[in-house]
Amino acid sequence: MTGFIIGMVITVLAAWFIIKNYQPQTILLLAGLSLLLITAVFFPEQSILYGKSKSIGWVGGDIFAFVKESLTTQVAGIGLIIMAAGGFADYMDHIKASNSMVNLCIKPLQMIRAPYLILAIGYILSQLLHVAISSAAGLAMLLLVTFFPVLVRLGVSKAAAAAMIGMSAFMDLGPAVGTANLAAKHAGMETAIYFAHYQLPVATGVMLVVAVLIFFTARYFDAKDGHVAAQIQQDQSTSEEREKVPAFYAFLPVFPVILVIVFSPLVVSNIKVDVVTAMIIGTLLAFFCELLVRRDFKVACKGVQVFFKGMGSMFTSIVSLLVCADVFAQGLQIIGAVDFIIQTVQAAGFGFGNMTVVMALLVCVTAALTGSGVAAFFSFSGLAPGIAAKFGESAVSMILPMQLMAGMGRSISPVAGVIIAVSKAGECSPFMIVRRTIIPAAGGMITMLVLNGILN
């Protein structure tokens, strides 16, 4: 009981500081170290070592060695995957391959003359593009440049188009997404298996429900705001100024995803290509394509540096958060707060399903308040395997809704970077964007929880 109270007090304080826009890495690290220090002082019988690591000979030093062990474990594992995926995404953006893929996917939609139907179909297409373009903000920026003008020309309001693009990464799907890789790790399975066997069946149903709700809510709010759907003259200036790249560049962003899925137990079981290897192969393929197109070896070599800079950027923003969140989550477990929650829930008659909903909603609320789905999921994902084991259930049944809820909570957050960005394009406030996204988001959340309960 004492450990639980201490853990909750520190958790509330950490949440308050993060909501007040203090640096989340520092706050989570200090919170985790505080939990470890309190455990060492007041509960000396409880080990504060990280996993199976050995003591350095002094309990005070073990607290800081805990951070080192977490850093070593995370950077060598999931951290490297996140850095490689981030570097590859930046390189694809640098060589305009991401733009080429988006343009190729959007062209067929321009032939349809039903603006709100295109808006709904556009969401599904955008969500699928997120499998290859791992950055939610990056995908939104691409769609604002390419798809947003198309939607407005076809007759939907700027606010409706912006809101749909704000939901383009409603669910973080695919082997290239950091949260999906971490979820697969916690679930004890390969990322390709997690994506194909668990994410896709649930995501398919969610996408259909969200698309239908986007269709009706966009039309309703446009009518309420007095907008009349009418096509306007196409402005060619932006597309003409855009740098041209070969059409086959559209294939490059999805190439690593194809490698990971094909060379896995899903298709070719005797060859296994992990995410990092696939990203390296994809980067080298893109380098040779650049060399072929530009015919300038020096420029092509310089371009690859974007990949390594992108890796460094992902370490600064994401992997550092992963390590600090891991220290915090482990601290909660070591002090006994998680065990107390589980015992209380079991004593109250709550089953695993109810606990899963509670954990998913916790991630959702945190993501909505902070604007970061990554921070929300990384903060609580480490608790899921232990909770599932206590109930004798599969970890994936809890980790999947938590991971998907992270992106869902971001889509209804007026302080999320992607929502703020699209609101500027939509010429309205972030709160007006959230007003349009909250109904489709709520429908998607309920559908996801129901499907997860049925399928997993």
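1. A good place to start is S413, which touches A367, A368, G371, I419 and V434 once residues up to four places away in sequence are set aside. S413 belongs to the loop between α18 (396-410) and α19 (417-425). Despite that loop setting, S413 counts as buried because its relative accessibility is 0%, where the cut-off for buried is under 20%. Please keep in mind throughout that this is a predicted model.

2. Now for the fold as a whole. The protein chain contains 20 helices and zero strands. Its radius of gyration is 23 Å, close to the 23 Å given by the globule rule for 456 residues, so the chain is as compact as a globular protein of that length. Along the principal axes, the C-alpha trace of the protein chain spans about 75 × 55 × 40 Å.

3. How much of the chain is buried? Buried residues account for 53% of the 456 residues. Turning to contacts with a separation of 6 or more, 79% of them in the protein chain join residues 24 or more positions apart. The protein chain exposes about 19,600 Å², and 67% of that comes from carbon and sulfur atoms.

4. G178 gives a nice local example of a contact between parts of the chain that lie apart in sequence. G178 sits in helix α8 (residues 178-187). The C-alpha atoms of G178 and I81 are separated by 7.4 Å, although these residues are 97 residues apart along the chain. Leaving out residues up to four places away in sequence, G178 touches I78 and I82.

5. The largest pocket deserves a look of its own. About 1,100 Å³ of space lies in this pocket, and of the 49 residues that line it, S135, A137, S317, I318 and V374 are the closest to its centre. Which helix gives the most to the lining of the largest pocket? That is α3 (residues 59-94), with eight residues. Sorted by class, the lining of the largest pocket has 28 nonpolar, 17 polar and four charged residues.

6. On to the enclosed spaces. The structure holds three cavities of 30 Å³ or more, and the largest cavity contains about 60 Å³ of space. L119, A160, A163, M164, M167, I214, T217, A218, R436 and P440 line the largest cavity. The elements that give two or more residues to this lining are α7 (158-166), α9 (191-224) and α20 (430-455). By class, the lining of the largest cavity divides into eight nonpolar residues, one polar and one charged. If you are browsing the model, T217 and R436 are among the lining residues to pick out here.

7. The second largest cavity has a volume of about 50 Å³. Its lining is made up of L49, Y50, S53, K54, I56, D62, A65, F66 and E69. Which classes do the residues of this lining fall into? The lining of the second largest cavity divides into five nonpolar residues, one polar and three charged.

8. To pull the points together for your reading of the model: the protein chain has 20 helices and zero strands, with 53% of its residues buried. S413 shows 0% relative accessibility in a loop setting, while G178 in α8 touches I78 and I82. For the spaces, the largest pocket holds about 1,100 Å³ and the largest cavity about 60 Å³.

Notes
Residues are numbered from 1 along each chain as its sequence is written. This is a predicted model: local features need pLDDT of at least 70, side-chain atom pairs count only at pLDDT 80 or more; totals for chains, interfaces and linings use all residues. Side-chain values use heavy atoms; hydrogens and water are left out. Helices (H or I, at least four residues) and strands (E, at least two) are DSSP runs, numbered from the N terminus. Buried means under 20% relative accessible area, exposed over 50%, partly exposed in between (1.4 Å probe, protein chains only). Contact means heavy atoms within 4.5 Å. On a 1 Å grid over the protein atoms alone, a cavity is a set of points where a 1.4 Å probe fits but cannot get out, and a pocket is an open set with protein on both sides within 12 Å along at least five of seven lines; lining residues have an atom within 4 Å of a point. Grid points are joined across faces, edges and corners, and a volume is the space filled by probe spheres set on the points. Ala, Val, Leu, Ile, Met, Phe, Trp, Tyr, Cys and Pro count as nonpolar, Asp, Glu, Lys and Arg as charged, and the others, Gly among them, as polar. The radius of gyration is taken over C-alpha atoms; the globule rule is 2.2 Å times the number of residues to the power 0.38. Accessible areas come from the Shrake-Rupley method with a 1.4 Å probe; for residues, only the protein chains shown count as cover.
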